[in-house]
Amino acid sequence: AATQFIHTHLWRDGVLASGCQGDETFGDGYLDDYAFMADALLSLLEVRFEVSWLHWAIELTDTLLERFSDRETGALFFTADNAEALIYRTRPIADDATPAGNAIAARVLIRLGYALAESRYLEAAERILLFSRSAMTEFAQAHVSLIEATQDWLAPMQTLVLRGEADALSVWQRASNTVYAPHRWTLAIPSDTQGLPDALAVHNAAETGVVAYLCDGTSCRLPMTEWQDLAAALKQ
């Protein structure tokens with residue numbers, strides 16, 4: 001409900017607003033607004049897959065790269081390129097009361113980059129991490145979120161795509177979630193879902209039951225239609 005409210009009232013013509021009163025929006029969003037919203041959508045997709053949420057996450061990520069990128073360093077500015085002119089546009093990489101926007105953006109880029117086989121997302125994440133490398137080395141305690149993103153980069157994220165009818169799909173989804181794997185992104189996509197990005201659309205649904213596609217980075221294993229085969233693979 002919160003996601004739908006934000007999309008309906010704060011997302012207008014490709015711009016995420018900071019707030020609204022009635023039907024009137026105010027304040028263009030900052031780096032953190034876009035990065036945290038995209039990250040929330042990726043988490044929400046693990047709970048219940050809605051293709052519209054995936055496309056919105058892609059839109060938010062594309063906007064980050066288009067309007068917030070520092071072309072010289074590869075990091076992301078806190079303000080968009082059409083925001084109020086400032087004496088200095090910061091590129092926040094240190095954690096504060098919340099994780100750094102660049103760190104969350106890097107993790108989003110890595111997850112989407114591998115799941116969608118999108119090299120420009122992975123290259124953008126790498127540029128953020130290279131820009132932040134010396135800061136992570138000198139002040140590790142202030143850059144924990146970036147260090148986590150670096151771990152995602154060095155040990156490619158694992159993506160698990162489940163396809164099938166809703167009832168059987170939920171059983172496999174719940175069972176797979178019992179295997180602790182913080183670096184795995186699981187998407188349970190109903191067989192009748194339309195409009196998937198090409199990299200996900202190639203994971204066809206089975207005529208009956210559930211089929212699982214387990215990918216390490218951009219390398220995917222053979223499809224699995226038996227739960228015991230997937231269970232063994234998840235524990236490796």
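**Group meeting: a walk through one predicted chain**

I would like to begin with a single covalent detail, which is that Cys215 and Cys220 form a disulfide, with their sulfur atoms 1.9 Å apart. Before going further I should say that what we have in front of us is a predicted model, and that everything I mention this morning should be heard with that in mind. As a reminder, a disulfide is a covalent bond between the sulfur atoms of two cysteines. The structure holds one disulfide, and the link of Cys215 and Cys220 is right-handed, with 100 degrees about the S-S bond. The two partners can also be described by their accessibility: Cys215 has a relative accessibility of 5% and therefore counts as buried, while Cys220, with a relative accessible area of 41%, is partly exposed.

Let me now step back to the chain as a whole. Its secondary structure comes to nine helices and seven strands. The radius of gyration is 19 Å, close to the 18 Å that the globule rule gives for 236 residues, so the chain is as compact as a globular protein of that length. If we look along the principal axes, the C-alpha trace spans about 60 × 45 × 30 Å. Of the 236 residues, 45% count as buried, and among the contacts with a separation of 6 or more, 60% come from residues 24 or more positions apart.

Turning to the surface and the charges, the accessible surface of the protein chain comes to about 12,200 Å², and 52% of that belongs to carbon and sulfur atoms. The chain carries 16 positive and 32 negative side chains, and the centres of these two sets lie 4 Å apart.

Next, the backbone, where two residues deserve a look. Asp13, which is not a glycine, nevertheless has a positive phi of about 55 degrees. Asp13 sits in the loop between β1, residues 11-12, and β2, residues 15-21, and because its relative accessibility is 81%, Asp13 counts as exposed. Ala117 likewise is not a glycine and has a positive phi of about 55 degrees. Here the setting is the loop between α4, residues 101-115, and α5, residues 119-138, and Ala117, at 55% relative accessibility, counts as exposed.

Which residues does Ser145 contact, once its neighbours within four places in sequence are left aside? The list is Asp95, Pro99, Ala100, Ala103 and Arg107. Ser145 itself is found in helix α6, which runs over residues 144-154. Its relative accessibility is 8%, and since buried means under 20%, Ser145 counts as buried.

I will finish with Tyr30, which lies in the loop between β3, residues 24-28, and α2, residues 31-47. Is Tyr30 buried, exposed or partly exposed? With a relative accessible area of 37%, Tyr30 is partly exposed. Not counting residues up to four places away in sequence, Tyr30 touches Phe68, Phe78 and Thr79. There is also a spatial relation to Thr90 that one could easily pass over when reading the sequence alone: Tyr30 and Thr90 are 60 residues apart in sequence, and their C-alpha atoms are 11 Å apart in space.

Conventions. Residues are numbered from 1 along each chain as its sequence is written. This is a predicted model: local features need pLDDT of at least 70, side-chain atom pairs count only at pLDDT 80 or more; totals for chains, interfaces and linings use all residues. Side-chain values use heavy atoms; hydrogens and water are left out. Helices (H or I, at least four residues) and strands (E, at least two) are DSSP runs, numbered from the N terminus. The radius of gyration is taken over C-alpha atoms; the globule rule is 2.2 Å times the number of residues to the power 0.38. Buried means under 20% relative accessible area, exposed over 50%, partly exposed in between (1.4 Å probe, protein chains only). Contact means heavy atoms within 4.5 Å. Accessible areas come from the Shrake-Rupley method with a 1.4 Å probe; for residues, only the protein chains shown count as cover. Lys and Arg count as positive and Asp and Glu as negative; His and the chain ends are not counted. The place of a charge is taken as NZ of Lys, CZ of Arg, CG of Asp or CD of Glu. A disulfide is a pair of cysteine sulfur atoms within 2.5 Å.
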